[in-house]
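Biologist: Hey, got a minute to walk me through this model? I'd like to go through the chains and the sheets.
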4 protein chains.
Amino acid sequence: MPNLELAVREIAGEMRLRTDRGQVASYIPELARVSPQAFGLAVVDVEGNVAAAGDCDAPFSIQSISKVFTLTLALGKVGDRLWARVGREPSGSPFNSIVQLENERGIPRNPFINAGAIAVTDLILSGHQPREALGEILRFVRYLAGDQTITIDDAVAASEQRTGFRNRALANYMKSFGVLDNPVDFTLGVYFHHCAIAMSCRQLALAGRYLAQFGNNPSTGLPVIQPERARRINAIMLTCGHYDGSGEFAYRVGLPGKSGVGGGILVIAPGKASIAVWSPGLDKAGNSHLGRIALERLTKRMGWSVFAGQPIIGERP
Amino acid sequence: MPNLELAVREIAGEMRLRTDRGQVASYIPELARVSPQAFGLAVVDVEGNVAAAGDCDAPFSIQSISKVFTLTLALGKVGDRLWARVGREPSGSPFNSIVQLENERGIPRNPFINAGAIAVTDLILSGHQPREALGEILRFVRYLAGDQTITIDDAVAASEQRTGFRNRALANYMKSFGVLDNPVDFTLGVYFHHCAIAMSCRQLALAGRYLAQFGNNPSTGLPVIQPERARRINAIMLTCGHYDGSGEFAYRVGLPGKSGVGGGILVIAPGKASIAVWSPGLDKAGNSHLGRIALERLTKRMGWSVFAGQPIIGERP
Amino acid sequence: MPNLELAVREIAGEMRLRTDRGQVASYIPELARVSPQAFGLAVVDVEGNVAAAGDCDAPFSIQSISKVFTLTLALGKVGDRLWARVGREPSGSPFNSIVQLENERGIPRNPFINAGAIAVTDLILSGHQPREALGEILRFVRYLAGDQTITIDDAVAASEQRTGFRNRALANYMKSFGVLDNPVDFTLGVYFHHCAIAMSCRQLALAGRYLAQFGNNPSTGLPVIQPERARRINAIMLTCGHYDGSGEFAYRVGLPGKSGVGGGILVIAPGKASIAVWSPGLDKAGNSHLGRIALERLTKRMGWSVFAGQPIIGERP
Amino acid sequence: MPNLELAVREIAGEMRLRTDRGQVASYIPELARVSPQAFGLAVVDVEGNVAAAGDCDAPFSIQSISKVFTLTLALGKVGDRLWARVGREPSGSPFNSIVQLENERGIPRNPFINAGAIAVTDLILSGHQPREALGEILRFVRYLAGDQTITIDDAVAASEQRTGFRNRALANYMKSFGVLDNPVDFTLGVYFHHCAIAMSCRQLALAGRYLAQFGNNPSTGLPVIQPERARRINAIMLTCGHYDGSGEFAYRVGLPGKSGVGGGILVIAPGKASIAVWSPGLDKAGNSHLGRIALERLTKRMGWSVFAGQPIIGERP
């Protein structure tokens, strides 16, 4: 089997030297201040080995990656009732598209586009104060990562609160169809804040372990979610995790993943590893440019594509 | 490891008894004449074992499943130039939607919707007579299945020629953007005929082996296609193989698959098996109703979901 | 020339007896409380004659008809700069569609769909407090009608404030493209309130006179707006005044008009008369059912279609 | 009253000198060969006076203007049954858009977009050979113009037959919904040929007289169509006659009109005059650039806008 630690180190080294770094997201003012030179990579395999390199301990804004955790939490709370509020098909549209909502009576296509994640957040919030719901989400992420130091970056949350007009449009639009139960400002408040959770690659890879391990938290040995649900979240990550770049990511990387506009990507090699990468420069589809390239390298080298079946020995990296 | 033969036999038995059978496709008149009672299932694993049950040797119209074989053939002929004519993102639209073409200058979203498969057919045709191109496709399918008896059902092809107005619209539309090189009638002639290839579940499962086996034809030991390309075709099957029901199929079955309106589905468990199922009644998304249920049963029982990582021992079927 | 007073009386009489009355709008709760039996009609010709019948003096919520007055006011304030914020093409979509905004960078198709009227309201508001802008609009309408008793129905405005999620979505969406200058809540506050102006048919017909009289207010003899602008507002009313029922209205009635969800319609026979009709029951396109029928009768009888050229003598009503 | 002959002469003179001439249509190869320097203008008033200037006797390809004549002919043949096949709302889309058809079950929005005109042509064809239907259309146009020399430009028709892929897409698409009765090639054959009718401005203005004169052919004194239908065709010309530039034309010119990609525009001043202008250079919306400017000048000078009510004496051109 290929040497994981060596692979991680070499890939991080190669990425540090590249000059094509994409564009740092500017639509959330606070995010625009991050250096495009940052690059981090961390992998936790199912035996508990951790391989990490580069800026793997620098916290960054996980943004849409939080949608994976809120989906997991909401499924645990309301079960398959969730699917009455949100679909599970690729949207074929950008992350913040509103067109699809008009044609489908306010039901978002899947939980990983903004509208879908707002609907999921609304389900978590139900019957609670925003502060309580947010506390529950943060505790859940800390539990998954086994790290109580994870916090929310209030400056980023405030920045989005001030400028998130399109998300506000999406939420009001769904509200007009009765898809949201709570006051729009409450739901959006929780949404903006869980998107502003700051984590390092290491913390993120640790938090994702349950999806590589049949729904179990390896630190505690306790189930986070049923095995079938873990598989299904992986399936949705693969088909919908990168907005209208999901097909491309499946084609190139071949693993379930979820990207965030902060430049992070969480990737799951089912039964093998949980992987987190971070590089703030984005490609045209809004996904981390170097992040995707690094993942393509890593998957190929380790033979981890879900479409390969097993390590492809003898294929050159 | 679960007993494959027993699983196949039991699932086929269960399916034979079910009364919910979906609706047989009526839009191609010739297809409407098939009995909804038919059910066949065949699995070929990577060790060459074949398990088959029900109407597993009755030929049926493979229809859109042929898109997998034409994509493979075209990639072999023109390589990645193919991707200048067709994308690889889920469309989020029905199989015969034309809206997306208008918004994206005539480039189909992926090779598994009708427009995309017509564009791929046009690439195979280039510089040849329709008869030659069709001969090449048929020889290729026979080679993959290791079976020289496979033929085209001319009555089905003629039926589509007469009534395929929407495909004719799609082809002319792409032609208006310069996406097709050949005369529309030539390209459509080849397209309608390769959709009318008739195969049994057994033949189809045999033909799909190369996708489960890193691109190799196990009968000959020769490569059909590079391992990386086989992986990538699997990726596209997973994200795009069931039109606007692709997300649902990934969520429930968790394997790359391609369905046809004749009621067949070809499914790949990478590194494990090639699977073909047939039941003519379709669900609302145009995919075989019992076929999908049977596959869900089989994958779960065998632990073959690409999102599981390995057989999930102890989980009940 | 046909007798106007007789025509108005007879048409009102006929309408009172009809039992097909459409559906009273329910999406603004306060509007749902109006009786579907109400019917009013008032005509003011260019010589100053007033013919009115039925509930012609009962105030009703003018709703979208206010868009005619705010467009006039905004053109007077900012001139043709207005057209950088809003187009003047029919939308081919329902009044509250958001799809078109996504495809055209947040610029509404015309000032008579909700998004367009919100953008126009934002221009009137610019640099003022909502209360001041609203005061200016109300004074303008009173001046046009020559009636200082016209007021805003605060219960209706409050009802929309509470439930107007879709308008809030439209406004936030435009804001995300930079099409609105002011805080969304300010602009919407003014918008909801000017939609809640209550007027009778008589007041409304008087207020519309300037559009029938080359831009002049006949009470004062002073120009409200340049003749060319009056003509052009009429043109936009004809092509865009009834959302996706504009073509039908032009086809049947043949006059510029603007309908409101309160059941009112303001119609202009250029050079001849200003007409207001009110009947709260709406047809499927959201326009007053009996209102349109009454107008069709009246125009035909008076020979007022702009497409006829002159009274068509000898044609039977 | 302003002097018509002087106005026509002066406007033609001004247009000849302008250097902004738009782009000659290139998508039909044969049309691309016309000189952009051509400019013709002809007006026939209801008293029978003809004022003409520039290249007013040079024949050009009337293209989509033929849709006015085929609509008239079809209404005469099948009456209001026609409206089961085609709507009468502005489309808000380009002339050759197919998106709207998908969303509305193959029913075109109005008879003046390509899809709508193809559906109307199919109704005229019904039960006849293409040659007979085409003969009937040509005889009708000759009768309206009172000129037996009008012919079809076969080179233009053949050019469209070869390259009209998008129209072929539209026709097949409607056929798939059952909106066309005849074989697609028959209907398109007639369509391409009536679009290729060649007429001069003088002939075209003469042919349009019935729409300015309550449906009567002034040469014969006989009705072409009922007065109400003439009014209604004018209404559709105003709301739909210039594709997604219809609102702009109504706003600027204020008269019903129908443009063709050959650079011609037929315009009706109801009760006053029939006007034809020709200049081959098109604006971005596909309408004659100088043609529209000339019409704007002429209408303003003559006070002919339907939105003015009467000549606006004293307003400067």
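**Chains and sheets**

Modeller: Sure, starting with one pair: a turn of 180° with a shift of 0.0 Å along the axis lays chain D on chain C, at an RMSD of 0.0 Å. The superposition is by least squares on the C-alpha atoms of residues with pLDDT of at least 70 in both copies. The contact uses the same surface on both copies, as 100% of the contact residues of chain D recur in chain C. Contact here is two residues with their C-beta atoms, placed from the backbone, within 7 Å.

Biologist: And before I go on, what is the numbering, and what kind of model is it?

Modeller: It's a predicted model, where local features need pLDDT of at least 70 and side-chain atom pairs count only at pLDDT 80 or more, while totals for chains, interfaces and linings use all residues. Residues are numbered from 1 along each chain as its sequence is written, with chains lettered from A and ligands numbered from 1 in the order in which they are written.

Biologist: OK, what turn and shift lay chain A on chain B?

Modeller: A turn of 180° and a shift of 0.0 Å along the axis, with an RMSD of 0.0 Å. That is the relation of a two-fold axis.

Biologist: How many residues does each of the two put into the contact?

Modeller: Chain A gives 37 residues and chain B gives 37 residues. On the chain A side, the elements that give two or more residues are helix H11 (227-240) and helix H12 (246-252). H11(A) gives the most, nine residues. Helices (H or I, at least four residues) and strands (E, at least two) are DSSP runs, numbered from the N terminus.

Biologist: What's the chemistry of that side of chain A?

Modeller: It divides into 15 nonpolar, 13 polar and nine charged residues. Nonpolar covers Ala, Val, Leu, Ile, Met, Phe, Trp, Tyr, Cys and Pro, charged covers Asp, Glu, Lys and Arg, and the others, Gly among them, are polar. Also, 100% of the interface residues of chain A are interface residues in chain B too, so the copies meet through the same surface.

Biologist: Switching to sheets: what is the strand order in the five-stranded open sheet of chain A?

Modeller: S3-S2-S11-S10-S9, with antiparallel pairing. Two strands pair if DSSP finds at least two bridges between them. Strands S3 (50-54) and S9 (257-259) of chain A are at the edges with a single partner strand each, so one side of each has no neighbour in the sheet. From one strand to the next, the twist averages 10°.

Biologist: How many bridges join S2 to S11 in chain A?

Modeller: Six, between residues 40-45 of S2(A) and residues 273-278 of S11(A), running antiparallel. Gly40(A) stands opposite Trp278(A) in S11(A).

Biologist: Which helix lies across S2 and S3 of chain A?

Modeller: Helix H1 (residues 4-17) of chain A, running at about 15° to S3(A). Axes are lines fitted to C-alpha atoms, for helices over the stretch in contact, and angles run from 0 to 180 degrees between N-to-C directions.

Biologist: Last one: where is Thr163(A)?

Modeller: In helix H6 (residues 154-163) of chain A. Thr163(A) touches Ile28(A) and Pro29(A), leaving out residues up to four places away in sequence.
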